[in-house]
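User: I would like to know how labels get attached to a structure. Please take me through a few.

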Amino acid sequence: MEDIYTNVESVKSVPHIFAPNYPGSSSSDKRLYLGIIIAFGLLNVSLLAGLVVLGVYYHNTSDTAASLTECQQDGNNTTSFLIEERDLLNASLTAITQELMKLRESTCPTGWTTFSGSCYYFSNEAGSWDEGRRDCVHRGADLLVMNNAEEKTFLVALIKKEAWIGLNDKETEGSWKWVDGSSLEFKNWLGSQPDNGGTSGRWGEEDCVHVNNNGEASWNDLSCDAAEHWICEKVLKFTV
């Protein structure tokens, strides 16, 4: 009986940590409970602050991504604009180059005379018909092709001495052709010409034509090896 009493008293003397309002609890236990409550409160505040910080960070990250996307789009637009400007400049440069080429083609070189869409050059030196033609070709032209009476009248003032023109019958005797391949339509033969050197054969084979300085620019057939001046003609290229 005494042992039972002793055990009951021992139980009464144990601190009741699970019953803070029990009449036997001490002030130190109350402070412990208060500290735990405050700690939980502070933990909740810290968690809330963390959530706020994460929300702000996510918002800023979204704004940064949007800004980067916008900058990339602006860069793409700028690149497209620069490419279009480059293409326009290239097109303008091509057009200017073509216009310069047209202008160059439609202008006679220095020392040449212009008439009705052609440039004319009277040589200072003399040589065979073939030598004269080679010189004309070297100058970007060919021996003169006389097409009509108006051109003949113009050439009368240009002709200083007898000179080769681009008419011959080298391939077939009596079949006269111009150097551009065209057949003979306008004619300006002198007297009984062409005569291929006459019946005597004194002058040899006469397959090339030169013009006389007689105020009529009339034609005469002559040996292609004879030494004469020559007239070059360069047809101008007009393009619209």
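**Labels and their cut-offs**

Analyst: Lys-152 has a relative accessible area of 16% and is buried. The model is predicted: local features need pLDDT of at least 70, side-chain atom pairs count only at pLDDT 80 or more, and totals for chains, interfaces and linings use all residues. Residues are numbered from 1 along each chain as its sequence is written, and side-chain values use heavy atoms, without hydrogens and water.

User: Why is Lys-152 called buried?

Analyst: Buried means under 20% relative accessible area, exposed over 50%, and partly exposed in between (1.4 Å probe, protein chains only). Lys-152 has 16%, so the label is buried.

User: What makes Glu-216 partly exposed?

Analyst: Its relative accessibility is 44%. That value lies between the two cut-offs, so Glu-216 counts as partly exposed.

User: How do you know that Glu-216 forms a salt bridge with Lys-152?

Analyst: A salt bridge is a side-chain nitrogen of Lys or Arg within 4 Å of a carboxyl oxygen of Asp or Glu. Here the closest N and O atoms are 3.5 Å apart, so the pair qualifies. Lys-152 sits in helix α4 (residues 149-158), and Glu-216 in the loop between β6 (208-211) and β7 (219-222), 64 residues away. Helices (H or I, at least four residues) and strands (E, at least two) are DSSP runs, numbered from the N terminus.

User: What makes Asp-142 and Arg-133 a salt bridge?

Analyst: Their closest N and O atoms are 3.0 Å apart. That is within the cut-off, so the pair counts. Asp-142 is buried at 18%, while Arg-133 is partly exposed at 28%.
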